[in-house]
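Trainee: I would like to go through this structure term by term. Can we set each value against its definition?

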Amino acid sequence: MTFSILGRCKTTGRLGMAISSSSPAVAARCAHARAGVGVVASQNITDPALGPKGLDLLTSGLDADAAMTALLDGYPHTEWRQLVILDANGQSALFSGGQTLGVHDTAQGLDCAAAGNLLANPFIPKRMVAAFEAAEGDLGDRLIAAMQAALEAGGEAGPVHSTGLLIVDQVSWPVADLRVDWADENPIGQLADLWRLYKPQLDAYVTRALNPSGSPSYGVPGDDR
């Protein structure tokens, strides 16, 4: 019921992921990232606690493979989980338990990794990786391109209804955390539109947090800067 792409921008060091599902508010449960550390997708029959735990393991100095091993060591419900870990160096680790739903697969690429379950076909994660590697622009542009490629390749076995984009960069909060928590039609297209709206303002929102006196105008009535 889910497909996701995790990625790193080698130029900026930004980390992030995009995800979509037939269930509501998928990004709220499945997307986890920490600036300078890595990204964790916890999906299939989701345990959201695995995301922060995975990030803590990366923070301790483990790479993606070692973090995955430690995360699953002694964990009692591995068979129901599908996990992807991408570390700050762009290395990835993948896991799909024996109870992963329907047609499922994973794929690794340069500074990226993808996974999905209940897919229309098993080739979708590879198409997502290829699209991410081929795309140009900001990390968000490349993640969106991978999601659109997944749809073009068939997407889920049924329609998707929610999606999200999460990006971290240098500060302790996400610089982008955009979600379409439910849409009857085309949530990924709506997310792409939202990203195009938000992208030019992203740096300004960081400036407002770090240096409010030097922040740009809000452009709303009553703001005369």
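Mentor: Start with burial. Buried means under 20% relative accessible area, exposed over 50%, and partly exposed in between, with a 1.4 Å probe and protein chains only. Helices (H or I, at least four residues) and strands (E, at least two) are DSSP runs, numbered from the N terminus. This is a predicted model: local features need pLDDT of at least 70, side-chain atom pairs count only at pLDDT 80 or more, and totals for chains, interfaces and linings use all residues. Residues are numbered from 1 along each chain as its sequence is written, and side-chain values use heavy atoms, with hydrogens and water left out.

Trainee: Why is β4 called largely enclosed by the rest of the structure?

Mentor: Seven of the seven residues of β4 are buried, so the strand counts as largely enclosed by the rest of the structure.

Trainee: What makes β4 and β5 a strand pair?

Mentor: Two strands pair if DSSP finds at least two bridges between them. Seven bridges join β4 (residues 38-44) to β5 (residues 81-87). The two strands run antiparallel. One of the partnerships is Q43 with Q82 in β5.

Trainee: How do you know that β3 pairs with β4?

Mentor: Four bridges join them, and they run antiparallel. H32 stands opposite V40 in β4. The two strands form a hairpin with three residues between them. In that turn, G36 has a positive phi of about 75°.

Trainee: Which strands make up the open sheet of four, and what makes two of them edge strands?

Mentor: The order is β3-β4-β5-β6, with antiparallel pairing. β3 (31-34) and β6 (92-96) each pair on one side only, and that makes them the edge strands. The twist averages 5° from one strand to the next.

Trainee: Which strands does helix α2 touch as it packs on this sheet?

Mentor: Contact means heavy atoms within 4.5 Å. Helix α2 (residues 50-59) touches β3, β4 and β5. Its direction makes about 150° with that of β4. Axes are lines fitted to C-alpha atoms, for helices over the stretch in contact, and angles run from 0 to 180 degrees between N-to-C directions. Helix α3 (residues 64-72) also packs on the sheet, touching β5 and β6. The direction of α3 makes about 145° with that of β5.

Trainee: How do you know that the buried residues of α3 are on the same side?

Mentor: A64, A67, M68, L71 and L72 are buried in α3. They cover an arc of only 120° around the axis, which puts them on the same side of α3. The arc is that of the directions from the helix axis to the C-beta atoms. These buried residues pack against α2, β5 and β6.

Trainee: What makes D63 a cap of α3?

Mentor: A polar contact is a pair of N or O atoms within 3.5 Å; within protein, one must be able to donate a hydrogen and the other to accept it, and residues adjacent in sequence count only if both atoms are side-chain atoms. A side-chain oxygen of D63 lies 3.3 Å from the backbone nitrogen of D65. D63 thus caps the N-terminal end of α3. After α3 comes G74, with a positive phi near 80°.

Trainee: What is the strand order in the open sheet of six?

Mentor: The order is β7-β8-β1-β2-β9-β10, with antiparallel pairing. β7 (105-109) and β10 (174-180) stand at the edges, each with a single partner strand, so one side of each is left without a neighbour in the sheet.

Trainee: How many bridges join β2 to β9?

Mentor: Seven, between residues 15-21 and residues 162-168, running antiparallel. A18 stands opposite L165 in β9. Helix α5 (residues 139-152) packs on the sheet, touching β1 (2-8), β2 and β9. Helix α6 (residues 187-198) packs there too, touching β1, β2, β9 and β10.

Trainee: How many disulfides are there?

Mentor: Zero. A disulfide is a pair of cysteine sulfur atoms within 2.5 Å. For C9, the nearest cysteine sulfur is that of C112, 12 Å away, and C9 is in no disulfide.

Trainee: Why is C9 called buried?

Mentor: C9 has 10% relative accessibility, so it counts as buried. C112 is at 0%, so C112 counts as buried as well.
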